[in-house]
Amino acid sequence: MLEESTTLSQNFLEVISDPQPEPVTIVSYQASPAHVVNTWSSYIKVVDDSTFLVPAAGMRSIEADIATQNSQLILTFGSMKFEGTEGPGRGYHVYATGEFVEAGKYFDLMKADLPWLRKVMIVHVQEVKQKI
């Protein structure tokens with residue numbers, strides 16, 4: 001059975017916290033054209049059951065979309081390590097909003113581990129849907 005939630009479920013957290021880094025795709029789909037960037041799952045820090053942090057070295061297109069149109073985001077996560085609905089592999093779409101910060105506690109927290117980051121995107125989860 002496919003999971004759907006407005007918070008980060010335990011099954012989702014297994015995928016995101018796997019020590020094997022997996023690619024994460026971030027799409028601002030209301031932009032025309034849509035903008036797409038990527039990061040690694042191992043860079044993401046979970047703050048609470050509906051918020052996580054993503055480091056931004058670039059991501060200027062996504063940042064501009066959020067600043068000018070408050071664009072909605074879709075983030076994709078997956079791992080072959082965990083059982084999904086039809087066998088090996090579990091994947092999720094996270095529907096969210098975001099904001100970029102360049103100072104403050106979240107920025108300092110991320111900068112301590114990732115000195116190359118320019119800003120931090122705070123992701124506010126609206127819905128999590130398991131896709132496989």
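Helices and strands here are DSSP runs, with at least four residues for a helix and at least two for a strand, numbered from the N terminus.

**View 1. Order of helices and strands in the predicted model.** The structure shown is a predicted model. The chain contains 3 helices and 8 strands. From the start of the sequence to its end, these elements follow the pattern β-α-β-β-β-β-α-β-β-α-β.

**View 2. Overall dimensions of the chain.** The C-alpha trace spans about 40 × 35 × 20 Å along its principal axes. The radius of gyration is 14 Å, which agrees with the value near 14 Å for a compact globule of 132 residues. Of the 132 residues, 45% count as buried. Contacts between residues at least 6 apart in sequence include 66% that join residues at least 24 apart.

**View 3. The largest nonpolar core.** This core has 26 residues, and the members that touch the most others are Ile-26, Phe-52, Leu-75, Phe-77, Val-94 and Met-121. At least two core residues come from each of helix H1 (10-16), strand S2 (23-28), strand S5 (51-56), helix H2 (60-69), strand S6 (73-83), strand S7 (88-101) and strand S8 (119-130). A second, separate core holds 8 residues, among them Phe-107, Leu-117, Val-120 and Ile-122.

**View 4. Surroundings of Met-121.** Met-121 is one of the core residues that touch the most other members. With neighbours within four places in sequence left aside, Met-121 is in contact with Ile-26, Phe-52, Leu-53 and Val-54, and also with Ile-62, Ile-66 and Leu-73. The remaining contacts of Met-121 on this basis are Gly-98, Glu-99 and Phe-100.

**View 5. Thr-7 in the loop between S1 and H1.** Thr-7 lies in the loop that runs between strand S1 (4-5) and H1. Thr-7 counts as partly exposed because its relative accessibility is 26%, and the range for that class runs from 20% to 50%. Apart from neighbours within four places in sequence, Thr-7 is in contact with Asp-49 and Val-128. Thr-7 and Val-94 are separated by 87 residues in sequence, and their C-alpha atoms are 9.6 Å apart in space. Val-94 is itself among the core residues that touch the most other members.

**View 6. Surface and charge.** The chain exposes about 6800 Å², of which carbon and sulfur atoms supply 52%. Its side chains include 10 positive and 16 negative ones. The centres of these two sets of charges lie 6 Å apart.

Methods: Residues are numbered from 1 along each chain as its sequence is written. This is a predicted model: local features need pLDDT of at least 70, side-chain atom pairs count only at pLDDT 80 or more; totals for chains, interfaces and linings use all residues. Side-chain values use heavy atoms; hydrogens and water are left out. A nonpolar core is a set of buried Ala, Val, Leu, Ile, Met, Phe, Trp, Tyr and Cys residues joined through side-chain atoms within 4.5 Å. Buried means under 20% relative accessible area, exposed over 50%, partly exposed in between (1.4 Å probe, protein chains only). Contact means heavy atoms within 4.5 Å. The radius of gyration is taken over C-alpha atoms; the globule rule is 2.2 Å times the number of residues to the power 0.38. Accessible areas come from the Shrake-Rupley method with a 1.4 Å probe; for residues, only the protein chains shown count as cover. Lys and Arg count as positive and Asp and Glu as negative; His and the chain ends are not counted. The place of a charge is taken as NZ of Lys, CZ of Arg, CG of Asp or CD of Glu.
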